[in-house]
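Reader: Please take one part of this model and go over it closely. I would like to know what it packs against, and then what lies around it.

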Amino acid sequence: MSVGGENFSLVCGPCSIESDKLLFETGEILKTARIDAFRGGIHKLRTQPDSFQGLGVQILESLGEFKKKFKLPVFSEITDVRHIEMYAPVVDVFQVGSRNMYNYPMLAELGKLKRPVLLKRAFSATIKEWLSAARYIEKEGNENIILCERGIRSFDPELRSTLDLGSVAFLKAETDYPVFVDPSHAAGRRDLVLPLSFAAHAVGADGLLVEYHPRPDEAASDGAQSIDTNQLQILSSRLSRR
Ligand code: PEP
Ligand code: MN
């Protein structure tokens, strides 16, 4: 998988990896739909302490088998510097979530690696602050960074976040970073994910990070915004890729 330039990438999968069954079932469907890479949370940062927090390290072995079987790169969020070493054998792209964009010691640790980092925008971050966060990674030597717009907090509570596609156009005009968009966490509901995805593609994004679940209504986290298999197929077929 090569990111940026002429390539448009689709990275899809569940908010959180809930079971081996879900993992392997998702792999089959992603392959059939010609999706480029898998996303799935191992440790989740949930707003409520009683919500499902992810399966944690117990899923790492299955994730290794998943990679061998499907040959899909894996994107997963690290929520603690200790995860870097733990996930290193199976996670190809370390995702920094919105809540950790300001975690500079963690960014510096990621900067010491050769592995790509997907840096999400914090929901309250200005573009300048987001770019400064990227520089914390670069300063340590890692220039392999994908920026990911996931919506910001605005005055309007109607959608989960306000997707700032202006930031994508700006970053494409002013910087050399590949820029992804996460329409799922911006929309908060699955019927809006495809329109936002097409808009992101049109504005020049290099890829999408999309929550997909074979049975979204049963998802342990973010089911309301997870697209189903039919939507996944439409997404893949409408966005031309090499
Ligand atoms: C996620 O991608 O599952 C996630 C938690 O996103 P964010 O950090 O943007 O809220
Ligand atoms: Mn989620």
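Author: The buried residues of helix 4 pack against helix 3 (82-87), strand 4 (93-96), strand 5 (117-120) and helix 5. This is a predicted model, and what follows should be read as such. Helix 4 itself spans residues 104-111, and its buried residues are Met106, Leu107, Ala108, Leu110 and Gly111.

Met106 gives a way out of the helix. Leaving aside residues up to four places away in sequence, Thr79 touches Met106, along with His43, Leu45 and Asn100. Thr79 sits in the loop between strand 3 and helix 3. Its relative accessible area is 18%, and the limit for buried is under 20%, so Thr79 counts as buried.

Leu45, one of the contacts of Thr79, leads on to the largest pocket. That pocket has a volume of about 310 Å³. It is lined by 22 residues, and those closest to its centre are Lys44, Leu45, Arg99, His185 and Asp222. Strand 3 (residues 74-77) gives the largest share of the lining, 3 residues. By class, the lining has 3 nonpolar, 10 polar and 9 charged residues.

His185 and Asp222, both among the residues closest to the pocket centre, bind a metal as well. The manganese ion (ligand 2) is coordinated by Cys15 through SG, His185 through NE2, Glu211 through OE and Asp222 through OD, at 2.0 to 2.4 Å. Along the chain, these donors follow the spacing C-x169-H-x25-E-x10-D. His185 lies in helix 7 (residues 183-187) and Asp222 in the loop between strand 8 (207-211) and helix 9 (229-238), so the pair ties together parts that are 37 residues apart in sequence. His185 is buried at 9% relative accessibility, and Asp222 is buried at 18%.

The loop that holds Asp222 holds Arg215 too. Arg215 is partly exposed, with a relative accessible area of 29%. Beyond four places in sequence, Arg215 is in contact with Lys21 and Glu25. Its C-alpha is 19 Å from that of Leu10, a residue 205 places away in sequence.

Back to the packing partners of helix 4. Helix 5 (residues 127-139) gives the largest share of the largest nonpolar core, 6 residues. That core has 62 residues, and those with the most contacts inside it are Phe38, Leu63, Leu119, Leu147, Leu208 and Leu232. Apart from it lies another core, of 9 residues, including Val11, Leu118, Ile146 and Phe180. In soluble globular proteins, nonpolar side chains tend to be buried together.

Leu147 shows how such contacts are spread over the sequence. Not counting residues up to four places away, Leu147 touches Leu119, Trp130, Leu131, Ala134, Leu171, Tyr177, Pro178, Val179 and Phe180.

Two backbone points remain, in loops elsewhere. Most residues other than glycine have a negative phi. Arg34 has a positive phi of about 60° although it is not a glycine; Arg34 is in the loop between helix 1 (20-32) and strand 2 (37-39) and is partly exposed at 48% relative accessibility. Lys71 has a positive phi of about 50°, and it is not a glycine either. Lys71 lies in the loop between helix 2 (60-70) and strand 3, and at 65% relative accessibility it counts as exposed.

Key
Residues numbered from 1 in each chain as written. Chains lettered and ligands numbered in written order. Predicted model: local features only at pLDDT ≥ 70, side-chain atom pairs only at ≥ 80, totals over all residues. Heavy atoms only, no water. 1 Å grid on protein atoms, 1.4 Å probe; cavity = no way out; pocket = protein on both sides within 12 Å on 5 of 7 lines; lining within 4 Å. Points joined across faces, edges and corners; volume = space filled by probe spheres on them. Helix = DSSP H or I, 4+ residues; strand = E, 2+ residues; numbered from the N terminus. Nonpolar A, V, L, I, M, F, W, Y, C, P; charged D, E, K, R; others polar. Donors = N, O, S within 2.8 Å, 3.2 Å for Na, K, Ca; no water. Buried < 20%, exposed > 50% of the residue type's maximum accessible area, 1.4 Å probe, protein only. Core = buried A, V, L, I, M, F, W, Y, C linked by side-chain atoms within 4.5 Å. Contact = heavy atoms within 4.5 Å.
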